[in-house]
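Colleague: Mind walking me through the ring contacts, one strand and the cavities in this one? Keep it casual, but give me the cut-offs.

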Amino acid sequence: MGRLLSYTLVFYLFSVIYACDVGGAHEFDKPLVHFSADMFWVGEPTGLLFYEGSYHLFYQHNPADSVYGNIHWGHAVSKDLYHWEKRPIALCPDSIGYLKSGSVVADERNLSGWGSLSQIPLIAYYTYQADKGVGIYHAYSLDGGENWTKLGKIQLEREPGVALNSPQVKWNAEVECWLMTVSTGYSILFYQSTDCKRWKYLSEFTVDDSSGSNMERTDFFRIRVSEQDSYKWVLLVNMSNGPANGAPATRYFVGDFSGEEFIPTQNKKLWIDYGKDNYAGGTFEGLPDDDRIFLGWMNCWEYANSIPGMNGRGGMIVPRMLNLVEEGNHYVLQSKVHCNIEKLYGGESALIHRKQLESNTMSINSPYRGKPFVLHVNYGNKDNTALWKAGDYGVRFVAKNGRSISIGYQNELSYFYIDRSGCVEPALSDWMGQLMGGSYRSSMDAIDWYILYDYNSVELVAANGRINISSLCYLMDDIEVIEFFADSGSVTINDSSIVQLIK
């Protein structure tokens, strides 16, 4: 703990120094367009609900400190997923202990009997961080999540007698009942209910994984296959051992659901995100099957208590729309930054058009210095296996203080990556300095990169949303230069542009 506190103090001092250098115009450890903490700790989402025209975000919150602990459930509401109104704390710790994650649903048919058709109950399902709190608990609200009545433990058929984690509940329109998935740590249990109170055991799902990874938050939903009339089921499982050097990440499985059992129909290991800073995510309940919006926690347990932010620490990724696309004999999730972000677009500037880089770097002064932005680059992808193709190419953001972050593609390895080693404090270099990314080779003649830079983060969405990499980064100064680079060969930039983000 002393080591973590010393890291936090170092980052705090750097934050103060850099804020003074730029006249205190903004805090470089606080984002503009991402949901984040104004004060104290924001952790994983605990409930994602679309209800009566608004998005409700419930999240882990420590209202007294900027580190994990003393967990309450915070609550925020938005009409567009970018402008959030913080509401009073929803659920508080009690004599059993402090709260862990869970989910929130709207019982619009009043199947629970706790409300009425004119006074719809919201129901929260959660667990405790305590041995004496083994089991799943629930509470309800009759005023849209402002005030809650705790009801104690739910009735689980064949309760396993082990600590359960993050019960996720969604309405199953096919069989007219509620479905619940909950993790035991080593498996996922499936339950169903017709009244939100008594839960019938359906099945158990396990993963043949020799890595010893722990299973945590889940999500389970039906989704239409793009450009088809067929549907598949997707199970999201947040694992403690992901693709970015073993950092926690969200894996997904695609398959069929018999009404009792989930049967995966493909074996390839696939991840929602290949960065370190997108974890414990899920999709909003209350939206149609064809509208899946994903939101994850933008942080990593390797350094969650140590990142900058003495006045507030933690936040969420930019919301993403999920589609399921068929590719060869597999189905893969395709991510796109939610379209409402276009409401935040300010000025737009063209950068490079029809330019070939031949083992060199092209530098451009940033037209929106000191502002968050979206950078779009379209790279030529013909002959991507040719010997003359650049071995490594991409984009580098360079700040006034000399710090930098690189977003690139290693052609021989088909590997998209983010390298933040140029902006990491030495004290955290072991955790934050590692390369992160994922492999994908596209057969298309051109490939789009969508890069969203906020003050403390970079998110890459590439290859038609097949590759997503989310990364916190602390440049701690204005970005002055955007470098387009190509090493050991040639690459063509068909087009590129940058759009300022304003909120």
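Modeller: Sure, cut-offs first: rings of Phe, Tyr and Trp (its six-membered ring) pair if their centres lie within 6.5 Å, with planes under 30 degrees apart called stacked, over 60 edge-to-face and the rest tilted. This is a predicted model, so local features need pLDDT of at least 70 and side-chain atom pairs pLDDT 80 or more, while totals for chains, interfaces and linings use all residues. Residues are numbered from 1 along each chain as its sequence is written, and side-chain values use heavy atoms, with hydrogens and water left out.

Colleague: How many aromatic pairs does a search of the whole structure find?

Modeller: Going by that ring rule, the search of the whole structure comes back with a count. One of the pairs is Phe35 with Tyr59, 5.2 Å centre to centre and 65° between the planes, which is edge-to-face. The total number of aromatic pairs is 38.

Colleague: Trp297 and Trp301 form a pair too. Which class does it fall in?

Modeller: Their centres are 4.8 Å apart, with 50° between the planes. Trp297 is buried at 0% relative accessible area, and Trp301 is partly exposed at 32% (buried is under 20%, exposed over 50%, partly exposed in between; 1.4 Å probe, protein chains only). By its plane angle, the Trp297 and Trp301 pair is tilted.

Colleague: In β17, what is the bridge partner of Phe257?

Modeller: Strands here are DSSP E runs of at least two residues, numbered from the N terminus, and two strands pair if DSSP finds at least two bridges between them. Strand β16 (residues 249-257) has 8 of its 9 residues buried, and 3 bridges join β16 to β17 (residues 262-264) in the antiparallel sense. The two form a hairpin with 4 residues between them, and Gly259 in the turn has a positive phi of about 105°. The partner of Phe257 in β17 is Phe262.

Colleague: How much space lies in the largest cavity?

Modeller: A cavity is a set of points on a 1 Å grid over the protein atoms alone where a 1.4 Å probe fits but cannot get out, and lining residues have an atom within 4 Å of a point. Points are joined across faces, edges and corners, and the volume is the space filled by probe spheres set on them. There are 7 cavities of 30 Å³ or more, and the largest is lined by 18 residues, with Pro31, Ser36, Gly314, Gly315 and Asn456 nearest its centre. The space in the largest cavity is about 120 Å³.

Methods: 1 Å grid on protein atoms, 1.4 Å probe; cavity = no way out; pocket = protein on both sides within 12 Å on 5 of 7 lines; lining within 4 Å.
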